[in-house]
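Here's a quick tour of some local features worth a look. Have the sequence and the 3D view open side by side.

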Amino acid sequence: QQGQYPPQQQQGQYPPQQQQQYPPQQAGYGGPAAPPVMGVQDCLNAVHTSLAAQKLVIKQKVSLLEAAGDTMGCDCCCEQPNQYDVYDAYTGQHVMQANEESEFCWRCCCNPSHPLKLRLRIPQTQQIVATVDRPFKCSSGCPAWCGFCQQEASLYAGTDVENTAARIGKTEQPCCGGLFTPTVKVATGQNEPSENHFAVAEGPMCFFGGMTELCCDQEFFVSSNGDKQGDIAKIVKEKPEGMQQMAQELMTDSDLFTMQFANSSLGPEQKLTLISSLLLMDYMFFESNQPFECDPIAQTCSVTCCNMYCCGAIQPCKCKCGGAQDDSNSN
């Protein structure tokens with residue numbers, strides 16, 4: 001009896017079965033575990049090493065469908081979400097990527113002023129560390145005289161753009177858009193750019209874009225006082241090098257930027273906010289810039305010589321040739 005009733009096997013069976021079954025339910029048993037909520041400090045820790053370089057290269061990916069539509073004059077129906085890759089300029093390391101999320105109808109009807117979100121990821125892990133949230137504003141043909149026409153974008157840690165506590169920074173176009181100079185103001189944290197900014201990015205005066213991009217760099221100086229000293233950083237939309245890049249510049253809106261940080265004391269919060277500012281400026285000043293277009297229906301070709309900038313409004317200066325002749329005039 002003594003050999004029967006301390007049932008060694010039963011004692012070894014029942015407690016382990018309960019311990020093995022129920023604790024896994026608390027760890028997500030029966031379904032995938034929810035992704036951890038990323039706070040501001042978690043985001044900054046994740047990008048600290050990636051953004052340690054003093055010079056970054058931001059390259060927009062080429063969409064063949066969009067390129068065909070842009071060249072043939074039907075770009076509104078072929079507009080694809082933008083994708084960007086960020087590299088360390090010195091080592092060539094792929095440090096970050098940005099993927100646009102937007103609705104097709106918004107892109108088709110309101111590009112490049114459509115509302116969108118840009119998800120910033122670490123390439124090695126594909127973890128979303130931050131999100132750029134850009135609301136809808138008036139088109140680039142409207143002067144920036146009021147809040148509804150002033151372009152802006154906010155940067156949030158993780159994916160929740162409704163959580164104001166997770167805001168890392170914000171970029172905003174000032175009232176009147178810098179008059180004759182393309183201008184945006186940049187702030188970090190909960191600060192508003194119009195009241196307490198740490199940087200002002202200013203571009204070329206009056207004329208930029210168009211065919212000038214084929215032979216000239218488009219430079220934006222990021223300064224603390226807004227005087228084009230570039231004491232914080234310098235953003236350059238690079239001119240094409242070689243025939244392949246020149247053809248890409250002519251037929252697509254894919255752009256190549258470099259960002260050189262002049263201040264070595266900038267933290268990851270400021271650098272990440274400046275990257276989001278660069279992406280916003282690409283949409284504002286270069287996304288609709290098409291140096292060369294053909295319209296097979298109207299049998300015309302047009303060349304954008306440059307863009308004129310005044311108070312936030314952008315007007316292209318174009319030359320057009322060709323066109324179907326009127327039969328009544330030919331008789």
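What follows covers cysteines, backbone oddities and salt bridges in this predicted model.

## Cysteines without partners

Let's start with the sulfurs. How many disulfides does the structure hold? The count is 0. A pair of cysteine sulfurs has to sit within 2.5 Å to qualify, and Cys110 misses out because the closest cysteine sulfur, in Cys109, is 5.7 Å away, too far for a bond. Cys215 is in no disulfide either, with the nearest cysteine sulfur, that of Cys216, 3.7 Å away.

As for its surroundings, Cys110 is partly exposed, at a relative accessible area of 22%.

## Backbone oddities

Some background first: most residues other than glycine have a negative phi, and most peptide bonds are trans. With that in mind, here are some spots to click on.

Which peptide bond is cis? Try the one from Asn111 to Pro112, where omega is near 5°. Pro112 belongs to the loop that runs between helix H6 (104-110) and strand S4 (116-122).

Next come the positive phi values. Gln126 isn't a glycine, yet its phi is near 60°. You'll find Gln126 in the loop between S4 and strand S5 (127-134), and it is partly exposed, with a relative accessible area of 40%. Leu179, also not a glycine, has a positive phi of about 60°. Leu179 sits in the loop between strand S7 (167-172) and strand S8 (183-188), where it is partly exposed with a relative accessible area of 49%.

## A bridge between S3 and S4

Now for the charged side chains. Searching the whole structure turns up 10 salt bridges. One of them pairs Arg119 with Glu101, and their closest N and O atoms are 3.2 Å apart. Arg119 is in strand S4 and Glu101 in strand S3 (residues 94-101), so this pair ties together parts that are 18 residues apart in sequence.

Are the two partners buried or exposed? Arg119 counts as buried, at 10% relative accessibility, whereas Glu101 is partly exposed, with a relative accessible area of 37%.

## A salt-bridge network

Another bridge joins Glu152 and Lys137, at 3.7 Å from N to O. This pair links distant parts of the chain: Glu152 is in strand S6 (residues 152-157) and Lys137 in the loop between S5 and S6, 15 residues apart. Glu152 is buried, with a relative accessible area of 16%, and Lys137 counts as buried too, at 10% relative accessibility.

Then there's Arg167, which forms a salt bridge with Glu192, the closest N and O atoms being 3.5 Å apart. Here again distant parts of the chain are linked, with Arg167 in strand S7 and Glu192 in the loop between S8 and strand S9 (199-202), 25 residues apart. Arg167 is buried, at a relative accessible area of 9%, while Glu192 is partly exposed, at 26%.

Which residues end up in one network? Salt bridges with shared partners join Lys137, Glu152, Arg167, Lys170 and Glu192. To see it in the viewer, pick out the Glu152 and Lys137 pair, then the Arg167 and Glu192 pair, and add Lys170, another member of the network.

Definitions and conventions: Residues are numbered from 1 along each chain as its sequence is written. This is a predicted model: local features need pLDDT of at least 70, side-chain atom pairs count only at pLDDT 80 or more; totals for chains, interfaces and linings use all residues. Side-chain values use heavy atoms; hydrogens and water are left out. Buried means under 20% relative accessible area, exposed over 50%, partly exposed in between (1.4 Å probe, protein chains only). Helices (H or I, at least four residues) and strands (E, at least two) are DSSP runs, numbered from the N terminus. A salt bridge is a side-chain nitrogen of Lys or Arg within 4 Å of a carboxyl oxygen of Asp or Glu.
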